[in-house]
Amino acid sequence: MKKKIEFLILKLTENCNLKCNYCFELLKRKTITKRDINTKKYKGDFLDEIICKNIVLTGGEPFLNDNINYYIEKFSNSNVTILTNGIFKPNLPIDVLKKINIVISLDGDFRIMNSHRNINNEQFKKIISNIKFYIKNCKSVTINILVTKKSINGNWNYAIKKYKNQVAYKVSTPSLIFTPETYKLDQEDKYDLKNKIINTLDLFNYRIKCSSDLFSKEAFLSNYTNNIERLINLEYNVQSNILSIFNRNISNIKEVEKVSNIIKRDSDILFKNFLLNKSDLYTFNPFCILENYIYRGTYG
């Protein structure tokens with residue numbers, strides 16, 4: 001009998017068509033390689049052993065995988081989301097696009113995108129053009145806005161002001177461990193960003209859908225179980241045949257629940273200690289805290 005999976009990240013490729021200055025995926029691969037973390041492969045065909053409710057196709061840039069259509073069709077009964085930098089217009093039938101959720105990275109205006117992602121003006125125009133295409137043809141569109149030390153005082157909310165309620169938004173913050181120091185936000189920045197998000201929403205009378213990976217201690221604890229569940233993501237790399245949760249590799253389907261429970265147990269200990277003396281308004285990114293603890297053994 002196939003195992004039911006609530007949420008899966010499916011990494012289609014390590015390749016990318018951009019060289020972002022803050023690329024956490026590149027730094028993550030280098031860090032893991034240096035530490036020679038256990039790279040045991042999955043024994044079997046993982047994708048044939050599961051039924052997945054929600055699946056996210058990612059990379060690198062997932063549209064660089066020539067077989068992306070195969071994975072979309074394979075999970076046609078799932079809620080499929082594709083994370084893309086928006087440079088490519090997908091070669092997919094419109095009836096397929098209508099069933100797909102698209103998440104595009106747009107960190108701000110051209111100046112910010114050039115600083116973050118080294119893109120030129122032509123590439124920026126392609127992203128803007130493709131967002132219009134996605135809005136017209138996809139099931140849903142979310143714009144992911146990564147706010148860094150270099151953009152927090154700039155036009156980071158460019159997309160919100162441009163597209164208003166045509167799309168949803170996710171405001172993200174940099175990894176504590178896999179991001180260059182010059183892009184990381186300090187605690188004061190996080191408080192500032194939280195207020196700036198509120199002020200931006202207020203401009204549109206809260207008629208836009210906008211989420212953030214920043215939580216106050218009070219908000220995180222008020223829905224603690226669900227918030228922990230969202231942090232522990234199963235990831236499968238189709239090219240290397242490696243299944244993992246963070247840096248814990250899994251060799252067979254029976255190990256999935258065991259590894260998940262171990263990380264949940266560790267998370268309970270981590271957050272109880274981390275939040276012990278923090279005020280209810282203390283603002284933080286829970287995923288970054290857990291990621292930093294698992295890879296480094298510290299809170300950051």
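# A tour through the structure

Start by selecting Gly 60, which sits in the loop between S2 and H2. Those labels come from DSSP: helices are runs of H or I with at least four residues, strands are runs of E with at least two, and numbering goes from the N terminus. Now add Gly 59: the peptide bond joining Gly 59 and Gly 60 is cis, with omega at about 20°.

Before we go on, a word about what's on your screen. You're looking at a predicted model, where local features need pLDDT of at least 70 and side-chain atom pairs count only at pLDDT 80 or more, while totals for chains, interfaces and linings use all residues. Residues are numbered from 1 along each chain as its sequence is written, and side-chain values use heavy atoms, with hydrogens and water left out.

**Stop 1: the strands around S3**

Colour S2 (50-58) and strand S3 (residues 79-84). These two run parallel and are joined by 4 bridges; strands count as paired if DSSP finds at least two bridges between them. For one partnership, pick Leu 57 and look in S3 for its bridge partner, Ile 82.

Add helix H2 (residues 68-74), and you have a right-handed β-α-β unit made of S2, H2 and S3. Right-handed here means that, with the strands pointing away from you, the path from the first strand over the helix to the second runs clockwise.

Next, bring in strand S4 (residues 100-105), which is parallel to S3 and joined to S3 by 5 bridges. Click Thr 84 and you'll find Ile 104 of S4 standing opposite.

**Stop 2: two unusual backbone angles**

Jump to Asn 118, in the loop between helix H4 (110-117) and H5. Asn 118 isn't a glycine, yet has a positive phi of about 60°. Is Asn 118 buried or exposed? Something in the middle: its relative accessibility is 41%, so Asn 118 counts as partly exposed. The scale uses relative accessible area with a 1.4 Å probe and protein chains only: buried is under 20%, exposed is over 50%, and partly exposed is in between.

Lys 164 is another one to select: it isn't a glycine either, and has a positive phi of about 45°. You'll find Lys 164 in the loop between H6 and strand S6 (168-172), where it is partly exposed at 41% relative accessibility.

**Stop 3: aromatic rings**

Show the Phe, Tyr and Trp side chains. How many aromatic pairs does a search of the whole structure find? It finds 17. Rings (for Trp, the six-membered one) pair if their centres lie within 6.5 Å, and planes under 30 degrees apart count as stacked, over 60 as edge-to-face, and the rest as tilted.

Zoom in on Phe 46 and Tyr 236, a tilted pair with 5.2 Å from centre to centre and 45° between the planes. They are 190 residues apart: Phe 46 is in the loop between helix H1 (24-35) and strand S2, and Tyr 236 is in strand S9 (residues 234-237). Both Phe 46 and Tyr 236 are buried.

Now try Phe 124 and Tyr 158: their ring centres are 6.0 Å apart and the planes meet at 45°, so this pair is tilted. Phe 124 belongs to helix H5 (residues 121-137) and Tyr 158 to helix H6 (residues 158-163), 34 residues apart. Phe 124 and Tyr 158 are both buried.

For a whole group, select Phe 215, Phe 220, Tyr 224, Phe 271, Phe 274, Tyr 282 and Phe 284, which form one aromatic cluster. Then add Lys 278, which lies over the face of Tyr 282, 5.2 Å from the ring centre. A charge sits over a ring if NZ of Lys or CZ of Arg is within 6 Å of the ring centre and within 35 degrees of the ring normal.

**Stop 4: H10 and H11**

Find Ser 260 in helix H10 (residues 255-274). Ser 260 has a relative accessible area of 14%, so it is buried. Its side chain reaches the backbone oxygen of Val 256 at 2.9 Å.

Finish with helix H11 (residues 286-296): 8 of its 11 residues are buried, so H11 is largely enclosed by the rest of the structure. Among the buried ones are Cys 288, Leu 290 and Tyr 295.

Note on methods
A polar contact is a pair of N or O atoms within 3.5 Å; within protein, one must be able to donate a hydrogen and the other to accept it, and residues adjacent in sequence count only if both atoms are side-chain atoms.
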